[in-house]
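Colleague: I am new to this structure and would like to know how its descriptions are justified. Could we look at it together?

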Amino acid sequence: MQAFRYIDGTVTLRLDRQDCIGCGRCSLVCPHRILRLEGNRAVIVDRDRCMECGACQTNCPTRAITVSPGVGCAAHIISQWLNTLLGRQVFKGCCE
Ligand code: SF4
Ligand code: SF4
(Lines give C-alpha, C1' and ligand atoms only; values in the text may rest on other atoms or scores of the structure.)
(Ligands and ions follow the chains in the order given, each with its own letter.)
Protein backbone atom coordinates (compact mmCIF):
# COMPACT_ATOMS: atom_id res chain seq x y z
CA MET A 1 0.00 0.00 0.00
CA GLN A 2 3.05 2.23 -0.25
CA ALA A 3 1.79 3.96 -3.40
CA PHE A 4 -1.54 5.08 -1.96
CA ARG A 5 -1.85 8.56 -0.53
CA TYR A 6 -4.83 10.67 0.32
CA ILE A 7 -5.21 14.27 -0.85
CA ASP A 8 -2.20 16.26 0.37
CA GLY A 9 -2.85 18.51 3.35
CA THR A 10 -6.20 17.03 4.39
CA VAL A 11 -5.10 14.45 6.96
CA THR A 12 -6.32 15.19 10.50
CA LEU A 13 -3.32 13.61 12.27
CA ARG A 14 -1.77 15.91 14.89
CA LEU A 15 1.04 15.33 17.37
CA ASP A 16 1.76 17.46 20.44
CA ARG A 17 5.42 16.70 21.16
CA GLN A 18 5.18 18.45 24.54
CA ASP A 19 2.91 15.64 25.76
CA CYS A 20 4.98 12.81 24.28
CA ILE A 21 6.90 10.63 26.76
CA GLY A 22 8.73 8.66 24.06
CA CYS A 23 7.18 5.26 24.76
CA GLY A 24 7.32 4.37 21.05
CA ARG A 25 3.92 2.69 20.89
CA CYS A 26 2.73 4.88 18.02
CA SER A 27 5.68 3.94 15.83
CA LEU A 28 5.12 0.26 16.59
CA VAL A 29 1.43 0.20 15.70
CA CYS A 30 1.43 2.49 12.66
CA PRO A 31 1.02 0.34 9.53
CA HIS A 32 2.68 3.00 7.34
CA ARG A 33 5.56 3.98 9.63
CA ILE A 34 4.38 7.57 9.71
CA LEU A 35 5.57 8.13 13.26
CA ARG A 36 9.02 7.49 14.66
CA LEU A 37 11.11 8.48 17.65
CA GLU A 38 13.65 11.27 17.37
CA GLY A 39 15.37 12.61 20.45
CA ASN A 40 13.15 10.47 22.70
CA ARG A 41 9.96 11.99 21.31
CA ALA A 42 7.74 11.05 18.42
CA VAL A 43 7.78 12.91 15.12
CA ILE A 44 5.49 12.69 12.10
CA VAL A 45 7.56 11.55 9.12
CA ASP A 46 5.06 11.87 6.26
CA ARG A 47 1.60 13.08 7.34
CA ASP A 48 -0.01 12.67 3.92
CA ARG A 49 0.56 8.91 3.93
CA CYS A 50 -1.59 8.56 7.06
CA MET A 51 -4.74 6.52 6.42
CA GLU A 52 -6.38 7.73 9.65
CA CYS A 53 -6.83 4.26 11.09
CA GLY A 54 -6.59 5.68 14.63
CA ALA A 55 -4.20 3.05 16.00
CA CYS A 56 -1.61 5.60 17.15
CA GLN A 57 -4.18 7.67 19.01
CA THR A 58 -5.70 4.61 20.64
CA ASN A 59 -2.32 3.38 21.89
CA CYS A 60 -0.84 6.69 23.01
CA PRO A 61 -0.85 6.78 26.83
CA THR A 62 -0.66 10.57 27.07
CA ARG A 63 -3.09 11.60 24.32
CA ALA A 64 -0.28 13.38 22.51
CA ILE A 65 -1.77 12.22 19.20
CA THR A 66 -5.13 13.15 17.78
CA VAL A 67 -6.65 11.93 14.55
CA SER A 68 -10.21 11.62 13.32
CA PRO A 69 -10.49 8.03 12.12
CA GLY A 70 -12.08 7.74 8.71
CA VAL A 71 -12.14 11.43 7.83
CA GLY A 72 -9.17 11.00 5.52
CA CYS A 73 -11.05 8.05 4.14
CA ALA A 74 -9.09 4.94 4.96
CA ALA A 75 -11.97 3.12 3.27
CA HIS A 76 -11.18 4.90 0.01
CA ILE A 77 -7.51 3.93 0.18
CA ILE A 78 -8.34 0.31 1.05
CA SER A 79 -10.94 0.14 -1.73
CA GLN A 80 -8.36 1.43 -4.24
CA TRP A 81 -5.96 -1.24 -3.09
CA LEU A 82 -8.56 -4.02 -3.34
CA ASN A 83 -9.76 -2.80 -6.73
CA THR A 84 -6.19 -2.89 -8.00
CA LEU A 85 -5.69 -6.40 -6.64
CA LEU A 86 -8.96 -7.62 -8.15
CA GLY A 87 -8.49 -5.69 -11.39
CA ARG A 88 -11.99 -4.27 -11.31
CA GLN A 89 -14.18 -1.65 -9.66
CA VAL A 90 -15.98 -3.43 -6.85
CA PHE A 91 -15.56 -1.48 -3.63
CA LYS A 92 -16.33 2.19 -3.16
CA GLY A 93 -15.08 4.56 -0.47
CA CYS A 94 -17.33 6.90 1.50
CA CYS A 95 -16.71 9.85 -0.87
CA GLU A 96 -17.31 8.03 -4.17
S1 SF4 B 1 -3.74 7.05 12.14
FE2 SF4 B 1 -2.93 5.02 11.54
S3 SF4 B 1 -1.79 5.42 9.64
FE4 SF4 B 1 -2.10 7.40 10.62
S5 SF4 B 1 -0.25 7.75 11.83
FE6 SF4 B 1 -1.79 6.80 13.18
S7 SF4 B 1 -1.37 4.59 13.09
FE8 SF4 B 1 -0.32 5.56 11.33
S1 SF4 C 1 2.52 6.74 21.76
FE2 SF4 C 1 2.27 8.88 22.44
S3 SF4 C 1 3.69 9.12 24.17
FE4 SF4 C 1 4.28 7.24 23.07
S5 SF4 C 1 5.89 7.91 21.62
FE6 SF4 C 1 3.93 8.01 20.53
S7 SF4 C 1 3.21 10.13 20.81
FE8 SF4 C 1 4.81 9.76 22.33
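Modeller: Happily; we will go through a core, the cavities and a ligand in this predicted model.

Colleague: What makes the 14 residues a nonpolar core?

Modeller: A nonpolar core needs buried residues of types such as Leu, Ile and Cys, joined through side-chain atoms within 4.5 Å. The largest such set here has 14 residues, and those with the most contacts inside it include Leu-13, Cys-26, Ile-34 and Leu-35. Therefore these residues count as buried, that is, under 20% relative accessible area.

Colleague: How do you know which residues Leu-35 touches?

Modeller: Contact means heavy atoms within 4.5 Å. Leaving aside residues up to four places away in sequence, Leu-35 touches Leu-15, Cys-26, Ser-27, Val-43, Ile-44, Cys-56 and Ile-65.

Colleague: Why is the space of about 100 Å³ called a cavity?

Modeller: In a cavity a 1.4 Å probe fits but cannot get out. The search found two of 30 Å³ or more, and the largest has a volume of about 100 Å³. Its lining has 15 residues, with Cys-30, Ile-34, Cys-50, Cys-53 and Cys-56 nearest the centre; the lining divides into 11 nonpolar, two polar and two charged.

Colleague: What makes you say which cavity ligand 2 takes up?

Modeller: A molecule sits in a cavity if more than half of its atoms lie within 2 Å of the grid points. Ligand 2 takes the space of the second largest cavity, so ligand 2 meets that condition. This cavity has a volume of about 90 Å³. Of the 15 residues around ligand 2, Cys-20, Cys-23, Gly-24, Cys-26 and Cys-60 come nearest.

How values were computed
Residues numbered from 1 in each chain as written. Chains lettered and ligands numbered in written order. Predicted model: local features only at pLDDT ≥ 70, side-chain atom pairs only at ≥ 80, totals over all residues. Heavy atoms only, no water. Buried < 20%, exposed > 50% of the residue type's maximum accessible area, 1.4 Å probe, protein only. 1 Å grid on protein atoms, 1.4 Å probe; cavity = no way out; pocket = protein on both sides within 12 Å on 5 of 7 lines; lining within 4 Å. Points joined across faces, edges and corners; volume = space filled by probe spheres on them. Nonpolar A, V, L, I, M, F, W, Y, C, P; charged D, E, K, R; others polar. Near = heavy atom within 4 Å.
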